[in-house]
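Okay, thanks everyone, let's get going. Have a look at the model on the screen while I talk.

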Amino acid sequence: MRKQIVAGNWKLNNDLAQTETLITSLKAQVKTSAAEVMIAPTATNLWHAYNSTKGSGIEVIAQNMHFAENGAYTGEISASMLKSVGINTVILGHSERREYFNETDETLAKKVDAALAKGMRVIFCFGEELADRKSGNEETVVGNQIKNALFHLKSADFQNIVLAYEPVWAIGTGETASPEQAQDMHAFIRKTLADAYGNDVADEVSILYGGSVKPANAEEIFSKPDVDGGLIGGASLNAEDFFAIVNAF
Ligand code: PEP
């Protein structure tokens, strides 16, 4: 059975003291949940967050990594470095990385390969822009993003891939895809996977929705059959809101 996951993407927020404060609040809220719970603090706080959350049931994950193992890539972090501080899951392809840091399908394919080669799990993000949706091209755009970055993988690799559909027009805007829009796209994504890798693979890959998920809309979005959880930005910075979303399962 595929996993239900709620992951908080903290983005460029929370210094060390704020990280500790938020983790303390999160630990006070954790209950047994049907969903796996993850948080993605900024890179400088991963080691501290990993140690602070040990045994709590919250997994600490990274927001990004480079494809190279080491070398002349000033400012970058490798899969091995993440693993060395206890991190086994990484978000790749977030729309902010694509937009502000010029990440392309090609570089993302290399990053995915590098993470999987180290035995890491990848939360792979993609999604259409508003203009794509207005022109009715959302499925073509999303299909190409998935195929270009992932369809060189072997079936077995998908055991370590989680997909996160995040329409760019809904990220941090307060605007959410309707539960029906999310379900339609998730069903399309699962069919795209099934066409390439068969139903057994497609049925096992968790597909998260991201884009202004809040306590008020989480339950309806998560009730859709092909929505297996959420990637949460803004609402993950508040422990009560984040766990209200986790508990929506
Ligand atoms: C995100 O950054 O992945 C995200 C979905 O942000 P928000 O929930 O704030 O829209």
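I'll go through the pockets, then two helices, then a couple of backbone oddities.

Quick housekeeping: this is a predicted model, so local features need pLDDT of at least 70 and side-chain atom pairs count only at pLDDT 80 or more, while totals for chains, interfaces and linings use all residues. Residues are numbered from 1 along each chain as its sequence is written, and side-chain values use heavy atoms, with hydrogens and water left out.

Pockets, then. Rolling a probe the size of a water molecule over the atoms shows where empty space is left. Here that's done on a 1 Å grid over the protein atoms alone with a 1.4 Å probe, and a pocket is an open set of points with protein on both sides within 12 Å along at least five of seven lines; lining residues have an atom within 4 Å of a point. Grid points are joined across faces, edges and corners, and the volume is the space filled by probe spheres set on the points.

The largest pocket comes out at about 660 Å³. It has 25 lining residues, and Gln63, Asn64, Arg97, Phe101 and Glu103 are the closest to its centre. Which helix gives the most to that lining? That's α4, with three residues; α4 (95-100) and α5 (105-117) each supply at least two. By helices and strands I mean DSSP runs, H or I with at least four residues for helices, E with at least two for strands, numbered from the N terminus. The lining splits into 10 nonpolar, nine polar and six charged residues. For that count, Ala, Val, Leu, Ile, Met, Phe, Trp, Tyr, Cys and Pro are nonpolar, Asp, Glu, Lys and Arg are charged, and the others, Gly among them, are polar.

The second largest pocket holds about 240 Å³. Of its 16 lining residues, Lys3, Phe158, Gln159, Glu204 and Val205 sit closest to the centre. Here α9 (199-204) and β6 (161-165) each supply at least two, and α9 gives the most, with three. The split is eight nonpolar, three polar and five charged.

On to the helices. α1 has 14 residues, 16-29, so at 1.5 Å a residue it should span 20 Å, and its end C-alpha atoms are indeed 20 Å apart. The expected span is 1.5 Å times one less than the number of residues. Which residues of α1 are buried? Thr19, Leu22, Ile23 and Leu26, where buried is under 20% relative accessible area, exposed is over 50% and partly exposed is in between, with a 1.4 Å probe and protein chains only. Those four cover an arc of only 105° around the axis, which puts them on the same side of α1; the arc is that of the directions from the helix axis to the C-beta atoms. Ala17, Thr21 and Ala28 are exposed on the other side. The buried ones pack against β2 (36-40), α2 (46-53), β3 (58-60) and α11 (239-246), with contact meaning heavy atoms within 4.5 Å.

Back to α5: its 13 residues should span 18 Å, and the ends agree at 18 Å. Its buried residues include Leu108, Val112 and Leu116, and among the partners of the buried set are α4, β5 (121-126) and α7 (138-150). Right after α5 comes Gly119, with a positive phi near 75°.

Last, the oddities. Lys11 isn't a glycine, yet its phi is positive, about 55°; it's in the loop between β1 (5-9) and α1. Ser212 also has a positive phi, near 55°, in the loop between β7 (207-210) and α10 (215-222), and Ser212 is buried at 9% relative accessible area.
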